[in-house]
Amino acid sequence: MGVLMSRRQTVEKVQKVSLAVSAFKDGLREQPSTRRRAEAGGTRRGTLEQAVQEGEEEASAGSSQPEESSASKAAWERLRDGRGVEPEEFDRANRFTPPAFIRPKRELHDDEPPDISLEQREEVINDEMCEICEVWTAESLFPCRVCSRVYHDGCLRRMGYLQNDSAVEVTETAHTETGWSCYYCDNLNLLLTEEEMYSLMETLRQCKIIPETCLTLDDFLHYKHLVHKQQFERPMAEAQEEQAALQFSALDPDKKGHIEWQDFLSHESIQLLQKLRPQNALLRLLTAKERERARAAFLALDQDSDGFIGEGECRRARHTWFRKHQKETPSCNVSISHVGPMSESSPASSGSGRSQGKTPLAGEPEEARPVDWPGFLRENVAYILAARPNSAARHLHPAA
C-alpha cells in the first residue's frame, strides 16, 4: 500500500506541473474568437454547416488569423491521437492523466487464418484490479463487455470518460446482458494503425470535414459522393446513394436529423478496416468475449449439429450484434466474465433464439448455400466489431 500511495503522489505532482504548462500554452495560443465560441457553446457541438460558416466569418474578419484556429488544430490532434472529444465543462484540476494511446501495428502473420475452434470454448475471466488505479475492490468494479478490463466509476469520472448521463448507463448495464464497453473498446478509431489513420485524416481534410462536428443528411451524402468519386472516378449511382441514406438513418436512431461526430468516426473507421484489411486480419481483432458470443450464436442456430447453418440465418444474425440497448434487459444469471453479452432476441439466447432461428422471414425464400463456422465468422466479423460502441447507432448497417 505504501508503494501505491507513493506512486499516486508522484503522479499527482506530475499532473500539477503538466496542467500548469498546458494552461500557459493554451493562454498563448487561444484566440479571442475561440474563447467567445467556447463560452457561448454548451456541451452540444454544432453541425458541420455551422462550423464552416464560423470558419468563413473568422477568415473574412481578420487577416491576422492563422489558417487554422487553435480549436481546430486541437481537434485534429485529438483525432490523430485517438482521444475523442474533450468535454468542455470537465474540471481538469482534479482529473487523472489521460492514457497515451498506442496505435496497433500490422504483423506479418495477420493475413493468415486464425485458429478459432467451434468445439473448444474459451474461459474468459475479467481482470481483478481497476485498469486506472490498479486497486481491487470486488463488487464495485464495472467490467467491459468486450475486453477483460474492469473500472471504478470514480476513476472513470476523474479520467473524463464518465459524465452524468453516461454514469447512469454504466451503473445500469455493466452487470447485465446488455453490457458496457470501456473507453478503449468504445472507440473503433483506436483499431486503426498510424498509416490507416493518416489515410482517413487526409480523406476528411480533402472533403472539408471538420472534426468534432455533427453531420446532417446533406453533409453525409455530399461526403459519400466525394469519397466515391475519388476512389472510382465516377459519380455515385442512385442505388448507392440510397444505401448511404439508409446508413445515415442507422447512425441516427433517435431521428435528430444529424449524426454525432463519434458515430460518424466509428462508421468511417470500420469502413476503412473493411477496405484495407482482409477478413483474416479482422478476425484477429476479436476478443475472447466476442469469440465466445459468436460461438454461442452459431451453436444455437445449428440445431441439427452438423456444423452448417443456412445463408439466410447467417445474414439475419448480423442484425443481432447491435441489439444491446434494451433498458428492460434483466440481470444476467451467468457471470459476464465467462460469456459475452447476448440480448434476449439474439439467436444465441435460449428459448426465443432457437424458436426463431430456423424460421425464414415472411416472403423471403431460404437460401440453399450452407455456411460453416469459419464462413460464419468471416461474414460477421465486421458487424461484431461495429457493435462495440455504447452508442445506440448502427455503425455498419446490415443489408436487408
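This passage looks at a pair of packed helices, a mostly covered helix, and two residues in a predicted model.

Let's start with the packed pair. Two packed helices are described by the angle between their axes and the distance between the axes. Here, helix α7 (residues 194-206) meets helix α10 (residues 261-276) at an angle of about 120°, and the axes sit 11 Å apart. An angle of about 120° is neither in the range 65 to 115 degrees nor over 145, so α7 and α10 count as oblique to each other. Their crossing is right-handed. On the α7 side, the contact is built from E196, S199, L200 and L204. On the α10 side, W261, F264, L265, E268, S269, L272, L273 and L276 take part. Sorted by character, the residues of this contact come out as eight nonpolar, two polar and two charged.

Next comes helix α13, which spans residues 311-320 and is mostly covered, with eight of its ten residues buried. The buried ones are G312, E313, C314, R315, R316, A317, R318 and T320. One of these, A317, has its C-alpha atom 9.2 Å from that of L301, although the two are 16 residues apart along the chain. L301 itself belongs to helix α12 (residues 288-301). With a relative accessible area of 3%, L301 falls under the 20% cut-off and is therefore buried.

What about V135? This residue lies in the loop between α4 (70-81) and β1 (142-143). V135 has a relative accessible area of 22%, so it counts as partly exposed. Its C-alpha atom is 9.0 Å from that of H152, with their positions 17 residues apart in sequence numbering.

Technical notes: Residues numbered from 1 in each chain as written. Predicted model: local features only at pLDDT ≥ 70, side-chain atom pairs only at ≥ 80, totals over all residues. Heavy atoms only, no water. Buried < 20%, exposed > 50% of the residue type's maximum accessible area, 1.4 Å probe, protein only. Helix = DSSP H or I, 4+ residues; strand = E, 2+ residues; numbered from the N terminus. Axes fitted to C-alpha atoms, helices over the stretch in contact; angles between N-to-C directions. Parallel < 35°, antiparallel > 145°, perpendicular 65-115°, else oblique. Left-handed = near helix turned anticlockwise from the far one by under 90°. Contact = heavy atoms within 4.5 Å. Nonpolar A, V, L, I, M, F, W, Y, C, P; charged D, E, K, R; others polar.
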